[in-house]
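Visitor: I'd like to learn how to read a model like this one, feature by feature. Could you walk me through it?

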Amino acid sequence: MRRFALSNLRDFGMGRKGSEEKIIEEIQYLTEVFEAHGGKPFDTKEPVICAVSNVISSIMYGNRFDYGDPVFRAMVNRFNHIVKLSGFPAVQLYNIFPSLGRFLKARKNLLKSVGENIASIKRLVGQLQQTLQEHDKRGLVDAFLIKQQEVSGQKDSHFYEDNLISTVSSLFAAGTDTTGATLHWGLLLMAKYPHIQKKVQEEIEKVVGTKQPRAEHRRSMPYTDAVIHEIQRLANIIPLNLPHMTAADVHFQGYFIKKACRRHSVSYC
């Protein structure tokens, strides 16, 4: 599934001109939302997350959503809620002691949100399936559905609905929250250090002007490039990392870690 996802993500522009065009298109919509506030203070979280989600949606489904679309807003809010619940101490405790799961309200709420999210993705996949055309792949979901038809009847095939839902969910959850959080840190740090912001703005105006920034401008913008890297160094994107579990008994530097031992970057079995 990983090989299939990476191969098709590249086909749909990941790391290439295709994804750059999708990002530039979305920037125009995001800029309109920012400008609509007329320079007054506002919470950037929702529009930024919507913009990031739309870029992923374009690659996954082959189309973007209007920011006011209730289905899209509900989907984005659920992803945010799931990420937020995942960081609750009760859920972190469950990752270390799974037997406590039935007593933890946060875990129950998390499972409920995950279930609603899966139902939403299934509806979107169903709509794409109704208009599926073999020689017109609109996004990763189409590529998966076409491959599913090709291997239909094969024993032990990985191309079934649960794997598709899991792939889409994982890419949305991983891509939306981390990218959105990085952008929020960037906005926060630019506000905190206006003299840095000024130098970045001057370089952008000198190199890019009134055009949209592209990857090719990077080599001509060393100061902005350095600031972006410093933002990524300072930003605390995933404070507790993600839960991991050993697949087999492990002996490491004099320690024994038993199979199925769950851990975080800050907790040990």
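Visitor: What pattern does the chain follow, read along the sequence?

Guide: Keep in mind that this is a predicted model. The chain follows α-α-α-α-α-α-α-α-α-α-β-β-β-β, and its secondary structure comes to ten helices and four strands. The C-alpha trace spans about 55 × 50 × 35 Å along its principal axes.

Visitor: How much of the chain is buried?

Guide: Of the 269 residues, 33% count as buried. As for how the chain meets itself, take the contacts with a separation of 6 or more: residues 24 or more positions apart account for 56% of them.

Visitor: What should I look for in a nonpolar core, and which residues of the largest one touch the most other members?

Guide: The general idea first: in soluble globular proteins, nonpolar side chains tend to be buried together. Here the largest nonpolar core has 35 residues, and M60, Y61, V141, V168 and F172 touch the most other members. At least two residues of this core come from each of α1, α3, α4, α6, α7 and α8. The largest share is that of α3, with seven residues.

Visitor: Let's zoom in on Y61. What is Y61 in contact with, beyond its neighbours in sequence?

Guide: Setting aside anything within four places in sequence, Y61 contacts I121, L124, L128, R138, G139, V141, V168 and F172. Three of those names should ring a bell: V141, V168 and F172 were on the list of core residues that touch the most other members.

Visitor: How do I read which way a helix faces?

Guide: An α-helix has 3.6 residues a turn, so residues three or four places apart point the same way. Try that on α1, where F4, A5, N8 and L9 are buried. Looking down the axis of α1, you find these buried residues within an arc of 125°, so they line one face of the helix. The face turned away from that buried side carries the exposed residues R2 and R3.

Visitor: And what covers the buried residues of α1?

Guide: The cover includes α3, α7 and α8. For a close-up from α8, pick T167, which lies in that helix. T167 has a relative accessible area of 16% and is buried. Not counting residues up to four places away in sequence, T167 touches M1, A5 and L140. A5 is one of the buried residues of α1.

Visitor: How do I describe two helices that pack together?

Guide: Two packed helices are described by the angle between their axes and the distance between the axes. For α8 and α9, the angle is about 110° and the axes are 5 Å apart. The two helices are therefore roughly perpendicular to each other. On the α8 side you have M190, A191 and K192, which meet P194, I196 and Q197 in α9. By class, that contact has four nonpolar, one polar and one charged residues.

Visitor: How does α8 pack with α10?

Guide: The angle there is about 110°, with the axes 10 Å apart. That makes α8 roughly perpendicular to α10. T182, W185, G186, L189 and M190 of α8 make the contact with V227, I231, Q232 and L234 of α10. Sorted by class, the residues of this contact are six nonpolar, three polar and no charged.

Visitor: Moving on to loops, where does Y160 lie, and what does Y160 touch?

Guide: Y160 is in the loop between α7 and α8. With a relative accessible area of 40%, Y160 is partly exposed. Leaving out residues up to four places away in sequence, Y160 touches F144 and Q148. Y160 and F144 are 16 residues apart along the chain, and their C-alpha atoms are separated by 8.9 Å.

Visitor: One last feature: backbone torsions. What is phi of Q253?

Guide: Most residues other than glycine have a negative phi, and most peptide bonds are trans. Q253 has a phi near 50°, a positive value in a residue other than glycine. You'll find Q253 in the loop between β2 and β3.

Visitor: Is Q253 buried or exposed?

Guide: Q253 counts as exposed, at 66% relative accessibility. Compare N95 in helix α5, which counts as buried at 12%.

Technical notes
Residues are numbered from 1 along each chain as its sequence is written. This is a predicted model: local features need pLDDT of at least 70, side-chain atom pairs count only at pLDDT 80 or more; totals for chains, interfaces and linings use all residues. Side-chain values use heavy atoms; hydrogens and water are left out. Axes are lines fitted to C-alpha atoms, for helices over the stretch in contact, and angles run from 0 to 180 degrees between N-to-C directions. Angles under 35 degrees count as roughly parallel, over 145 as roughly antiparallel, 65 to 115 as roughly perpendicular and the rest as oblique. Contact means heavy atoms within 4.5 Å. Ala, Val, Leu, Ile, Met, Phe, Trp, Tyr, Cys and Pro count as nonpolar, Asp, Glu, Lys and Arg as charged, and the others, Gly among them, as polar. A nonpolar core is a set of buried Ala, Val, Leu, Ile, Met, Phe, Trp, Tyr and Cys residues joined through side-chain atoms within 4.5 Å. Buried means under 20% relative accessible area, exposed over 50%, partly exposed in between (1.4 Å probe, protein chains only). The arc is that of the directions from the helix axis to the C-beta atoms.
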